[in-house]
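The exercises below are meant to be worked through with the sequence and the structure side by side. Try each task before reading its solution.

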Amino acid sequence: MIVTGKTRVCGVIGDPIEHTLSPIIHNAAFEALNLDYVFLAFKVKSAWVEAAVNGMRALNLRGLNVTMPHKSAVMNYLDRIDLSAQIVNSVNTILNKENLLFGFNTDGIGALKALKENGVELKGRKILLLGAGGAARAIAYTLAKEADELAVLNRTVKQAEGLAKLLEKSLSKKVVAGSLKPSDIQRNLQDSDILVNATSVGMSPNAEESPVPPKLLRSNLAVMDIVYNPVETKLAQDAKAAGAKVVSGVDMLIHQGAASFEIWTGKSAPIEVMRKVALKHLQKV
Ligand code: ATR
């Protein structure tokens, strides 16, 4: 890669940021398409979020991904925010177009594309979503638009109830809320077709954990875990052993990254290049 005076700069802001895969994925994608772009990671403390976002204009950065803990805070400093990002109160992608800053959230579309790529149909189906954090909210909103029914279970039940209310109001669909207790999971899972884990349970270094007791999993389920480190989570292993269809967190990571890439470059993302480089890196860590 040759960086010149004309190279367009994108990046990711967050704190911590050291373990992000975004630079690896996006630089590989830019290179594969021979685009004169470069992608960097910036560790930005919460007190500097406003300065960092305004810095996009000052330094003429083309785009930023936003990760923990700034996905809501950045919204205060943008010019326009996409409706779905507004509804879920979370922005993970910023585009700088002639000094106007546009906010998007690509987590929902990433989850939807990962499911569809794996042949999981949503129409007429019931989804059980675990989690009610930033990623879960965006995923819930996008998937609830397509599916028939949704249940949201979260460790902090209040959060799940808040999300259910928000979705009911914005989509006019019935959304059930509950806790992550095995009895709640069992009750809601028995008539669900798709299970999505959007909690961080099972993420390295707690890779031996799963949010779902293995005996509740069955073959006529599709299971997607948004955790991608480890590449195959305990939940994914248990789901596979039960004969369920498994959609990996890497697929979701790649598709949400691809959607950001397309917003910044206007080009179709090289999905396979991105997946290959992400997997190669994840298998090393
Ligand atoms: P993200 O941007 O990845 O969604 P987040 O907004 O911090 O991150 O959300 C993390 C999610 O994982 C939340 O649903 C959180 O549950 P709470 O709302 O109760 O905090 C869930 N989570 C994190 N650690 C958990 C644990 N040990 N057990 C169960 N749920 C957990």
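Helices, as the term is used here, are DSSP runs of H or I with at least four residues, and they are numbered from the N terminus. The model is a predicted one.

**Exercise 1. Describe how strand 7 is placed, starting from its side chains and moving on to its partner strands.**

Step 1. Begin with the cut-off, since a residue counts as buried under 20% relative accessible area. By that standard 5 of the 5 residues in strand 7, which covers residues 126-130, are buried.

Step 2. Now sort the residues by direction: Lys126, Leu128 and Leu130 point one way from the strand, while Ile127 and Leu129 point the other way, and all are buried.

Step 3. Turn to the partners. Strand 8 (residues 149-153) pairs with strand 7 in the parallel sense over 5 bridges, and within this pairing Leu130 has Leu153 as its bridge partner. Strand 10 (residues 194-197) also runs parallel to strand 7 and is joined to it by 4 bridges, with Leu128 standing opposite Leu195.

Step 4. Finally, follow the chain from strand 7 through helix 5 (residues 134-146) to strand 8, where the three elements make a right-handed β-α-β unit.

**Exercise 2. Locate the largest pocket and work out why it lies between two domains.**

Step 1. The largest pocket has a volume of about 1,600 Å³, and among the 46 residues that line it, Thr67, Met68, Lys71, Met203 and Tyr228 lie nearest its centre.

Step 2. Sorted by class, this lining holds 21 nonpolar, 20 polar and 5 charged residues. Helix 5 gives the most to it, with 4 residues.

Step 3. Because domain 1 (8-105 + 251-284) and domain 2 (108-247) both give residues to the lining, the largest pocket lies between them.

**Exercise 3. Treat the second largest pocket in the same manner, and find which element gives the most to its lining.**

Step 1. The volume of the second largest pocket is about 160 Å³, and its lining includes Asp82, Phe104, Tyr141, Thr142, Lys145 and Ala259.

Step 2. Helix 4 (107-117), helix 5 and helix 9 are the elements that give two or more residues to this lining, and helix 5 gives the most, with 3 residues.

Step 3. The classes divide into 5 nonpolar, 5 polar and 2 charged residues. Since both domain 1 and domain 2 give residues to the lining, the second largest pocket lies between them.

**Exercise 4. Find the loops that hold Pro16, then Pro69, and describe the peptide bond that joins each proline to its partner.**

Step 1. Pro16 is in the loop between strand 1 (8-14) and helix 1 (22-32), and a cis peptide bond with omega of about 5 degrees joins it to Asp15.

Step 2. Pro69 is in the loop between strand 3 and strand 4 (80-81), and a cis peptide bond with omega of about 0 degrees joins it to Met68. Met68 has already appeared, as one of the residues nearest the centre of the largest pocket.

**Exercise 5. Decide whether Asn34 is buried or exposed, and do likewise for Asn60.**

Step 1. Asn34, in the loop between helix 1 and strand 2 (37-43), has a positive phi of about 60 degrees although it is not a glycine. Its relative accessible area is 71%, so Asn34 is exposed, the cut-off being over 50%.

Step 2. Asn60, in the loop between helix 2 (49-58) and strand 3, is not a glycine either, yet has a positive phi of about 55 degrees. At 58% relative accessibility, Asn60 therefore counts as exposed.

How values were computed:
Residues are numbered from 1 along each chain as its sequence is written. This is a predicted model: local features need pLDDT of at least 70, side-chain atom pairs count only at pLDDT 80 or more; totals for chains, interfaces and linings use all residues. Side-chain values use heavy atoms; hydrogens and water are left out. Buried means under 20% relative accessible area, exposed over 50%, partly exposed in between (1.4 Å probe, protein chains only). Two strands pair if DSSP finds at least two bridges between them. A crossover is right-handed if, with the strands pointing away from the viewer, the path from the first strand over the helix to the second runs clockwise. On a 1 Å grid over the protein atoms alone, a cavity is a set of points where a 1.4 Å probe fits but cannot get out, and a pocket is an open set with protein on both sides within 12 Å along at least five of seven lines; lining residues have an atom within 4 Å of a point. Grid points are joined across faces, edges and corners, and a volume is the space filled by probe spheres set on the points. Ala, Val, Leu, Ile, Met, Phe, Trp, Tyr, Cys and Pro count as nonpolar, Asp, Glu, Lys and Arg as charged, and the others, Gly among them, as polar. Domain bounds come from an automatic or database domain assignment.
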